[in-house]
Structures are given as structure tokens and as C-alpha cells.
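Hi everyone, thanks for making the time this morning. Let me put the structure on the screen, and then I'll talk you through it.

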Amino acid sequence: MRTTTRRDRSFGMRARYTGGAGDAASRVSTGEHTERRILMKIGVLFFGVLKDVIGRSDETVDLPEGARVREVLFYYARAAPRFEAMVPSLAISVNQEYSGADRTLRDGDEVGLLPPVSGGSARDAGENRNEVRDEIRGEIRIVRERIDAEAVVGRLKRPADGAAVIFDGVVRDNTRGRRTLYLDYEAYEAMAVKQMESLAVEVRARFEVRGVSIVHRLGRLEIGETSVLIVVAAAHRGAAFEACRWIIDTLKKTVPIWKKEYFADGAVWADGEAFPEEIRSPGGTAGNEPASK
């Protein structure tokens, strides 16, 4: 298979895919003459270790009209053997929502290929965002500056609350026996905020707590700085404790945030926790040829 790329205004690179999902000779066209067919422009985003595997963070591919997500997976599996080995652990998003490999794409769609995050199924991201925020009764933010825990707690607490439980995730100075110099966090930001909002709404219904705030920081973080702050306010401490624990455990598995650890002798992307099966399984079909229709 031969590939060429060129600059595109909306994404860093662009390639043209002309094969079908079941075509072993699927390829990127490099000549002036191409098949006369309707092509869609699909943006593809790579995060975490995938940026190193593919060699870039985004590109645009041209796919035949009616193509499905699995055709994106087939293309990169053939182009990069390391990608193919990672497919079973990946999650997929389309337009900032988790998606299965059988989803039909439309011109202009944005496909995110997501390795396990180092940060359940979410509510429908198509809901009115103002209504979601009203349900949260707290703040959901991604920031690049220092997180002021006292200020976040103060904004959330109300006179009716009997408890405010705080989880303050702090950058430690070691990882598996290696001295950590600093961390660098990145995220699929728009999707991460939606997922964090969904967690906050779900936790209020699940544990009957009054309000929730989740603030996550991106960029370079020094030892001892806060990477994520979760505050849960409730009438009773038991519900607040359980809700806070559920949020951080679920966030670390489902919200698209990744961290790179820097040591004296190099840097690595942190091994993420596996996505839940209901999120991860759609990506696991990429290594199999699709059934004929």
C-alpha cells in the first residue's frame, strides 16, 4: 500500500482512501486519476500513545459515501502494524460520543481513536447542555492553571449540606520505583467535558447527593500539584463518600484524558485502565473482516 499526505486547512494532514471495508487491496490514491465516486471528508484524531504510533495527532481521510467507522480502523491497521495490535483496547468516538465500529459516517464527521485513558456509558450528549448543567448543581471544568481547592469547595457548599467530601488527586514523585520529574496531561477536551458532566448527572441520581464539582487540569504539572479535584456535597456523609469514590474510579476509565510521565531517563505515556466492555468492545471488531451484506 502506498500513501501520500498533504496539508489541509481543517486538519494537519489529508489522505484519500478508495477501498471498501472488505477489500484487501484498500489503498490511498496517489495519482491524478481516481475513481468517479462520491467521497466524504472524515477527520481522524489520535491521542496519547497513538500519536506516537501514527506519527501525528490528526488528519483528514477521504472515504466513500456510506463508509462505516470500521473502515477507518481497517485503514490504520494496514498502515501501522502497532496500531492493529492496539485495536482491541481502543475506544472509538464519533463527534465526541462513544461509538461502535458499525456506525455509518457522514461527510464532516470527526472520529476519535482513543487508547485506554489514564485519567459507563454516558448520557446522550445531544441533550440541552444548559439543562445538564442545571442538573449537576456544581461546576465541571478543564483548566490549565493551578486548581484552587478551597474556592471550588466554597462555591459548592450550601447550608443544607451535612457533608462535603473532597478527592484531591496530587502528582507524586515516583512511579513504579522511578523518580518522577513532572507529568503532562492532554485530553480530547470537548468530549472530556461532556463525559464529566454525564458522570456528575449520573452520580446525583445514583447516590442522591445534592451537588458535584469536577475540575481537571491539563498541561505540565509539577510534583505536589493537583491534577483532578472532585467535590461532592450531600446531606449525609455516607452518600457523599460513596459518590466521590465512584466518580474518580469511573472517570479514570471513561473520560478521554491521558498523561505522559517524565523521568530523568526518558518519558512514557502512562498505562491507562481498560475501558469498560460496553465502551471498548466496538473497537475490537476492527481485526475481523465485516460480514457481507
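I'll go from the whole chain to one sheet, then to the aromatic rings, and finish with a loop residue.

Please keep in mind that this is a predicted model. The protein has 293 residues, and 50% of them count as buried. In terms of secondary structure, we have eight helices and 15 strands. The surface that the protein exposes comes to about 14,400 Å², with 45% of that supplied by carbon and sulfur atoms.

Now to the sheet. If you rotate to the strands in question, you'll find four of them in an open sheet, in the order β7-β11-β13-β8, and the pairing is mixed. At the edges sit β7, residues 140–143, and β8, residues 163–170, each of which pairs on one side only. From one strand to the next, the twist averages 10°. As a quick reminder, strands in a sheet pair through backbone hydrogen bonds, in either a parallel or an antiparallel way.

Let's zoom in on the middle of that order. Strand β11 covers residues 211–217 and strand β13 covers 226–234; the two are antiparallel and share six bridges. If you'd like one position to click on, take Val215, whose bridge partner in β13 is Leu229. Helix α7, residues 237–254, packs on this sheet and touches β8, β11 and β13. Its direction makes about 145° with that of β13. There is also helix α6, residues 189–207, which lies across β7 and β11 and runs at about 150° to β7.

On to the rings. How many aromatic pairs does the model have? The count comes to seven. One of them is Phe46 with Tyr76, an edge-to-face pair at 5.2 Å centre to centre with 80° between the planes. What I like here is the sequence distance: Phe46 is in strand β2 and Tyr76 is in helix α2, residues 69–79, so to speak 30 residues apart, and the pair links distant parts of the chain. Both Phe46 and Tyr76 are buried. These two also belong to a cluster, in which ring pairs link Phe46, Tyr75, Tyr76 and Phe83.

Compare that with Phe47 and Trp258, which form a stacked pair: 4.9 Å between centres and 10° between planes. Are these two buried or exposed? Phe47 counts as buried because its relative accessibility is 9%, and Trp258 counts as buried because its value is 3%. The cut-off for buried is under 20%.

Two arginines also sit over rings. Arg178 lies over the face of Phe263, 4.0 Å from the ring centre. Arg220 does so over Tyr182, at 3.6 Å from the ring centre.

Last stop: Ile38. Where does it lie? You'll find Ile38 in the loop between β1, residues 14–16, and β2, residues 39–46. Why does Ile38 count as exposed? Its relative accessibility is 55%, and the cut-off for exposed is over 50%. Even so, Ile38 has contacts: leaving out residues up to four places away in sequence, it touches Leu63, Pro64 and Glu65. For Leu63, the C-alpha atom is separated from that of Ile38 by 8.5 Å, with the two positions 25 residues apart along the chain.

That's my tour, and I'm happy to go back to any view you'd like to see again.

Note on methods. Residues are numbered from 1 along each chain as its sequence is written. This is a predicted model: local features need pLDDT of at least 70, side-chain atom pairs count only at pLDDT 80 or more; totals for chains, interfaces and linings use all residues. Side-chain values use heavy atoms; hydrogens and water are left out. Two strands pair if DSSP finds at least two bridges between them. Helices (H or I, at least four residues) and strands (E, at least two) are DSSP runs, numbered from the N terminus. Axes are lines fitted to C-alpha atoms, for helices over the stretch in contact, and angles run from 0 to 180 degrees between N-to-C directions. Contact means heavy atoms within 4.5 Å. Buried means under 20% relative accessible area, exposed over 50%, partly exposed in between (1.4 Å probe, protein chains only). Accessible areas come from the Shrake-Rupley method with a 1.4 Å probe; for residues, only the protein chains shown count as cover. Rings of Phe, Tyr and Trp (its six-membered ring) pair if their centres lie within 6.5 Å; planes under 30 degrees apart count as stacked, over 60 as edge-to-face and the rest as tilted. A charge sits over a ring if NZ of Lys or CZ of Arg is within 6 Å of the ring centre and within 35 degrees of the ring normal.
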